[in-house]
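New to this one? Take a look at the sequence and the model below, and then let's walk through them together.

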Amino acid sequence: DLMEKFAGYGFNKSHSAAYALVSYQTMWLKAHYPAAFMAAVLSSDMDNTDKVVTFIDECREMGLKVEPPDVNRSEYMFTVDGDATVVYGIGAIKGVGQAAIESIIEAREQGGPFPDLWDFCRRVDLHKANRRVLEALIRAGALDGLGANRATLTMQLPLALRMAEQHKATREAGQTDLFGMTEPAAALEPDPQLSARTQEEWEEDQRLQGEKDTLGLYLTGHPISRYDAELGDLLSMRIGGLLQGAQPGQANSPCTVAGLVVGTRHNKTQRGRMGSIVLDDRTGRIEATVFSELYEQCRELLAPDRVLVVSGNLVFDDFRDSWSVRAERVVEFEQAREAFADHLSLGLDLRALGRAGREAPAVVDELKQILGAYRGAGLPVHVHYRRPEARGTLRLGRDWRVHPTDELLKRLRRLLGNGAVQVVYRRQGAPQRPGLAAA
């Protein structure tokens, strides 16, 4: 009724009728052909990274799968693969121009899919798709099908480019095979040992940051995933569960949430400066508002791509019809880990080390060096020690307490294995360690 009233004076009926018709058509397309509709919407604004990020989120909420860009599959714009899959368009990768993309697609149409990086560099026009472009494609994941992993592709790229340039120079010089006489020189092949050499894949942080830099979003993972095992112990509920279970009677009830900062806003009010952040933990999103006194203490933390733990009160915004958190404490995840964890548990299985061909004394020395670099008033360390003739739990002394930073955990997992490193949290109701207050 309000829309009809507005149409009578807001603008003429021909506009009203046209907008109504277009709205109906787009709603019908979105309902019956969701993948095709979202691919078209993404393509229409593919130069606007902020809008692409919003539309990708919409795809996920609709249950659509978004496939990463792929030089053997993607077109310039977003396309579909079936009724529920959107394929990322190469044109939405930052740093990859239209001329380079047209060269890639033309080479693919003429010679078929690219089997590896060496063939790809030989067949595309390197004047249009230069090294900077290829590095962007690697970081975006568009060349994942051409090598073992992104680290290996990056390592092989300089040699692949040199061989491609050499092949082009040989072909342009008109050199022929000695025994083929009139046949052009065969494509130069890389040394089998060089092409077979692989690098250990990048750490997840580096891989995801490459996607964020080139695509504007984390496409194949989420930075908070590395904390999944800890979130269940640190929090009573994830954001999605909190929002689903929130009832009007729960307004102003205390809560603690954790997530990746995906949006920030800073304002100045009569009471001073304030800020708000949007936290995403892959189960849902919630806004947290930080008012003046707390804002001055933690404003440097209110920045995109940080993983924060926010404690405060759950409030309902009638104007926006949504729940939010009025923050009383904001800390980085590492700080929350140190405040609420009980101890760091390490598995040192010398039997497994022996089977892997690693010398036990060397591993123990390296473990000592790693822990020594993070010693301080942090968490106690428990070592679950096993060898063929004995096993037991060693509780290291107070001098060997460590600050449980992400970097420490990463180094320990590289040495001992992912399953051998665990942050153990206190049970609910357990006493706090001296000097630490609950959020």
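What follows is a short tour, from the whole chain down to single residues.

## The chain at a glance

First things first: this is a predicted model. The chain has 439 residues, and 40% of them are buried. Its secondary structure adds up to 17 helices and 13 strands.

What about contacts along the chain? Take the contacts between residues at least 6 apart in sequence: 62% of them join residues at least 24 apart. As for the outside, the accessible surface is about 24700 Å², and carbon and sulfur atoms account for 50% of that.

## A three-stranded sheet

Let's zoom in on a sheet. Here 3 strands line up in the order β1-β3-β2, making an open sheet with mixed pairing. Why do β1 (65-67) and β2 (79-80) each have one side without a neighbour in the sheet? Both stand at the edges and have a single partner strand each, so nothing in the sheet flanks the other side.

Now follow β2 across to β3, which spans residues 85-87: the two strands run antiparallel and are joined by 2 bridges. To find a bridge partner yourself, start at Thr79 and look across to Val87 in β3. In general, strands in a sheet pair through backbone hydrogen bonds, and they can be parallel or antiparallel.

## Two nonpolar cores

The largest nonpolar core has 53 residues, and the ones touching the most other members are Phe78, Tyr88, Val96, Phe120, Leu137 and Leu143. Several helices feed into this core with at least two residues each: α3 (34-44), α4 (49-61), α5 (98-111), α6 (117-123), α7 (131-140) and α8 (150-172). Of these, α8 gives the largest share, with 7 residues.

Leu143 is a good place to stop and look around. Setting aside neighbours within four places in sequence, Leu143 is in contact with Val71, Leu117, Phe120, Leu134, Leu137, Ile138 and Leu153. There's also a second, separate core, made of 39 residues, with Phe340, Leu371, Leu379 and Ala420 among them.

## A word on cysteines

How many disulfides does the structure hold? The count is 0. For anyone new to the term, a disulfide is a covalent bond between the sulfur atoms of two cysteines.

Are Cys121 and Cys255 buried or exposed? The cut-off for buried is under 20% relative accessible area. Cys121 has 1% relative accessibility, so it counts as buried. Cys255 comes in at 11%, so that residue counts as buried too.

Technical notes:
Residues are numbered from 1 along each chain as its sequence is written. This is a predicted model: local features need pLDDT of at least 70, side-chain atom pairs count only at pLDDT 80 or more; totals for chains, interfaces and linings use all residues. Side-chain values use heavy atoms; hydrogens and water are left out. A disulfide is a pair of cysteine sulfur atoms within 2.5 Å. Buried means under 20% relative accessible area, exposed over 50%, partly exposed in between (1.4 Å probe, protein chains only). Two strands pair if DSSP finds at least two bridges between them. Helices (H or I, at least four residues) and strands (E, at least two) are DSSP runs, numbered from the N terminus. A nonpolar core is a set of buried Ala, Val, Leu, Ile, Met, Phe, Trp, Tyr and Cys residues joined through side-chain atoms within 4.5 Å. Contact means heavy atoms within 4.5 Å. Accessible areas come from the Shrake-Rupley method with a 1.4 Å probe; for residues, only the protein chains shown count as cover.
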